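Trainee: Could we go through this one together, mainly how the chains meet and how far to trust the model?

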2 protein chains.
Amino acid sequence: MVAGELGPCSATLDRPVPTVASFSGRPHPLLVHRNKSGCRVSAASQQTRRVRAATVQAQVASAEAPAIPKPGTLPPKIVNVDLGDRSYPIYIGEALLNDAEIVSRHVQGSQILVVTNTTVAPLYLESFVKGLREQGAFKVESVILPDGEEHKSLQVLQQVWDKALESRLDRKATFVALGGGVIGDMTGFAAAAYQRGASFIQVPTTVMAMVDSSVGGKTGVNHPLGKNMIGAFYQPRCVLADMETLKSLPDRELASGISEIVKYGLIFDPELFNWLEENVEKLLNRDSKAMMHAIDRSCAIKADIVALDEREGGVRATLNLGHTFGHAIEAAQGYGVWLHGEAVAAGMVMAADMSFRLGWIEPEICKRTVELLKRAKQPITPPKGMTAEQFRSFMSVDKKVQDGKLRLVLLRGPLGNCTVTGDFDPQILEDTISAFVAHEGISGSSDLPNTQ
Amino acid sequence: MVAGELGPCSATLDRPVPTVASFSGRPHPLLVHRNKSGCRVSAASQQTRRVRAATVQAQVASAEAPAIPKPGTLPPKIVNVDLGDRSYPIYIGEALLNDAEIVSRHVQGSQILVVTNTTVAPLYLESFVKGLREQGAFKVESVILPDGEEHKSLQVLQQVWDKALESRLDRKATFVALGGGVIGDMTGFAAAAYQRGASFIQVPTTVMAMVDSSVGGKTGVNHPLGKNMIGAFYQPRCVLADMETLKSLPDRELASGISEIVKYGLIFDPELFNWLEENVEKLLNRDSKAMMHAIDRSCAIKADIVALDEREGGVRATLNLGHTFGHAIEAAQGYGVWLHGEAVAAGMVMAADMSFRLGWIEPEICKRTVELLKRAKQPITPPKGMTAEQFRSFMSVDKKVQDGKLRLVLLRGPLGNCTVTGDFDPQILEDTISAFVAHEGISGSSDLPNTQ
């Protein structure tokens with residue numbers, strides 16, 4: 001069995017279920033549960049997870065002494081990412097951005113560089129910097145990058161290092177990422193490589209960044225030949241997810257973040273998937289309580305997986321469901337034409353289609369995936385004009401390629417189960433690609449995204 | 001006492017000697033020894049060190065099953081860098097370069113990218129690549145960078161990533177640095193950031209790279225505002241130091257590497273310093289046996305220090321004796337005008353001068369340092385025309401600056417003792433800078449290097 005494969009549950013299973021030792025030495029809660037209950041995620045296990053998450057929160061809450069909620073706001077949630085001496089808390093709440101006390105608690109030295117972009121800066125930069133300056137004897141500098149995935153390059157990153165060096169920041173400085181996933185990834189890598197390692201803090205301002213890119217320490221920039229090809233595994237000191245910042249987020253960006261929440265449901269948590277089917281419109285309408293629930297669950301799932309496999313030797317790769325197809329879509333069009341979540345949405349539909357063609361999932365899962373993503377206003381096919389050759393070419397430089405063999409995250413078994421494998425009939429991959437470039441799609445629909 | 005300070009031994013000592021726990025939790029052999037014997041490095045302790053080194057070598061030798069020496073060559077020495085699961089061996093010998101079996105033993109995947117430069121490529125690349133290809137089913141690619149410190153930039157580094165991606169190398173690929181310190185530093189950082197971490201191997205072809213830059217995992221590139229400002233701590237899988245490659249090294253480069261060997265004597269090993277005073281001409285004449293001894297001792301000292309303090313939280317900073325002054329010299333002139341070792345030589349003389357002005361060392365140490373470096377054909381003053389303001393400006397962005405305070409490595413006590421401290425009268429630093437920019441120098445000599 002390929003390392004990193006979650007226990008497949010379909011009738012075609014002809015290989016042994018992996019022991020928990022396949023991963024990083026600690027038992028994977030999902031696997032432990034499956035071994036006990038025959039591949040079904042029962043209500044009891046959901047209960048266990050909730051209890052465990054609540055316990056972690058309580059422990060962190062007492063250790064970290066989080067801010068008391070502002071009058072009229074919901075009490076903040078805290079998810080702990082458990083990585084030994086690199087552990088850190090994710091604060092999820094309302095009106096956290098101007099509570100500079102939380103950020104300053106995690107600043108190591110006396111120098112702060114806030115990295116943000118031209119869209120976010122006019123909204124939050126001034127008050128954020130003011131709050132930090134009032135906190136204590138911090139020297140606070142800032143740098144404003146152009147906005148958009150197409151600027152996630154080494155050339156633009158250089159501006160951060162230029163600013164840091166012009167400001168004479170030393171290696172104990174803290175870089176704060178104030179923005180979406182692009183700003184978070186770039187700032188993290190800038191900090192990782194600055195004098196061989198400064199500190200950093202994530203203040204995500206998009207749903208996508210809150211549920212995915214700010215958690216787990218993947219940082220980096222794109223290369224013309226591939227997404228996130230240059231980067232580092234580098235953990236922040238804390239993450240601050242403030243629901244207030246989502247109020248100014250454009251509809252399209254908000255919706256694209258929901259893709260990643262759907263992903264957590266598909267790969268790990270059928271209860272979250274069911275909840276999304278009931279509540280996706282609340283998320284689109286920016287209901288704070290619903291949003292905090294979705295972000296909390298997503299972060300908790302990601303934190304569990306990252307704690308098991310920080311450097312993506314195994315189970316962490318499952319978080320890339322839809323991403324290999326999605327990256328090909330982004331690369332073929334040029335970064336920034338589609339949003340990341342949009343490309344992942346179409347990619348997840350392709351992965352589901354391929355899983356179905358392999359006989360690994362029931363058609364019902366494909367259908368529910370397509371329906372949910374459509375309600376979340378996400379594309380369910382690749383862009384018109386994209387060719388099979390483009391898929392083949394861009395997928396072959398994916399980071400999950402090992403010694404020349406393409407590995408994919410595919411669904412396998414009941415909802416909430418997946419596998420990372422290179423062990424599939426390559427013709428089936430060709431069939432999926434052919435169907436989607438011909439815009440037949442999974443459901444025979446040729447719906448195109450609202451983003452073209 | 002500032003963390004990272006080695007126990008000062010001078011009469012001005014008014015602070016407690018640090019306990020060994022000041023460092024990384026393991027006893028520092030030097031400190032342990034000093035606490036026992038009152039700041040003097042005795043013959044007995046030298047004996048202990050030799051025995052310890054020999055034991056380590058024997059252990060590694062049996063574990064690593066090193067190559068049997070080729071007929072007519074000296075038996076290879078092996079120094080182990082002890083960093084837990086990131087430990088690796090340094091092989092020091094003759095005719096190792098074409099013994100592809102050793103390198104291939106440390107290659108993880110099936111893909112190799114050899115990174116070299118326009119000077120080294122015509123000498124060794126073809127036979128090296130041929131040897132690797134003959135070893136097994138390796139796909140071997142290579143990229144040839146322009147030679148020189150002035151090309152140690154992000155822009156040039158990009159060529160490595162371009163080549164890796166064009167060659168479809170995956171994250172299990174191994175990058176091999178075939179060249180001097182610049183190639184080693186750049187290749188290491190290229191590997192560290194490639195898909196968030198590929199493997200790498202060092203094959204240093206200069207004395208400087210063998211005794212310093214290839215050991216300990218410091219990688220990176222220069223920024224116009226400072227040397228090595230962008231990089232990572234990233235350990236190689238092994239280091240291969242082949243004396244054969246030094247035969248083609250230009251005299252000036254060979255001599256500049258001797259600077260760093262002198263440094264190990266000054267900060268740690270009076271016996272090595274004494275040996276150099278007797279044998280420096282043998283090194284200049286490329287005597288293999290003498291060179292292997294000097295490289296072996298230097299690597300063993302550096303390996304010990306790196307094992308104690310991989311990320312330079314404390315004692316590792318002592319390896320930067322002369323480097324803060326030296327970096328200022330390199331930056332002021334533009335990288336590549338002086339060789340790194342030349343700048344460090346002048347920097348060590350300045351550090352010794354300042355240590356003497358502070359009353360921390362006897363004048364004899366200054367004198368012996370100047371004499372030895374002159375015999376090694378190294379500059380002992382900064383270049384003509386360099387200003388005090390340039391020193392102040394470039395030294396203030398040094399990585400050893402913490403929260404705005406400049407810390408320096410200075411000599412303190414008998415030969416072989418040093419300290420890392422920001423606790424000095426800044427006027428003394430000014431006095432040293434003034435004396436040297438006026439070319440009074442330490443000895444009143446205004447000798448200029450043979451490199452202008």
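**Across the interface**

Mentor: Start with a contact you can click on: R171(B) makes a salt bridge with E312(A), with 3.8 Å between the closest N and O atoms. A salt bridge here is a Lys or Arg side-chain nitrogen within 4 Å of an Asp or Glu carboxyl oxygen. This is a predicted model, where local features need pLDDT of at least 70, side-chain atom pairs need 80 or more, and totals for chains, interfaces and linings use all residues. Residues are numbered from 1 along each chain, chains are lettered from A in the order written, and side-chain values use heavy atoms, without hydrogens or water.

Trainee: How many salt bridges does the rule find across the interface of chain A and chain B?

Mentor: R171(B) with E312(A) is a pair that fits the rule. Across the interface of chain A and chain B, the count is two.

Trainee: How much area do chain A and chain B bury between them?

Mentor: Buried area is the accessible area (1.4 Å probe) lost when two parts are put together, summed over both. Of this, 52% is on carbon and sulfur atoms, and the total is about 3800 Å².

Trainee: Which three residues supply more than any other three of the area that chain A buries against chain B?

Mentor: Together they supply 21% of that area. They are L165(A), R171(A) and R196(A).

Trainee: In chain A, where is confidence lowest?

Mentor: We go by pLDDT, the predictor's confidence in each residue, from 0 to 100. Chain A has a mean of 83, and helix α9 (270-284) of chain A is highest at 98. Where pLDDT is low, don't read the predicted coordinates in detail. The lowest mean, 33, belongs to residues 29-37 of chain A, helix α1 (a DSSP H or I run of at least four residues, numbered from the N terminus).

How values were computed: Helices (H or I, at least four residues) and strands (E, at least two) are DSSP runs, numbered from the N terminus.
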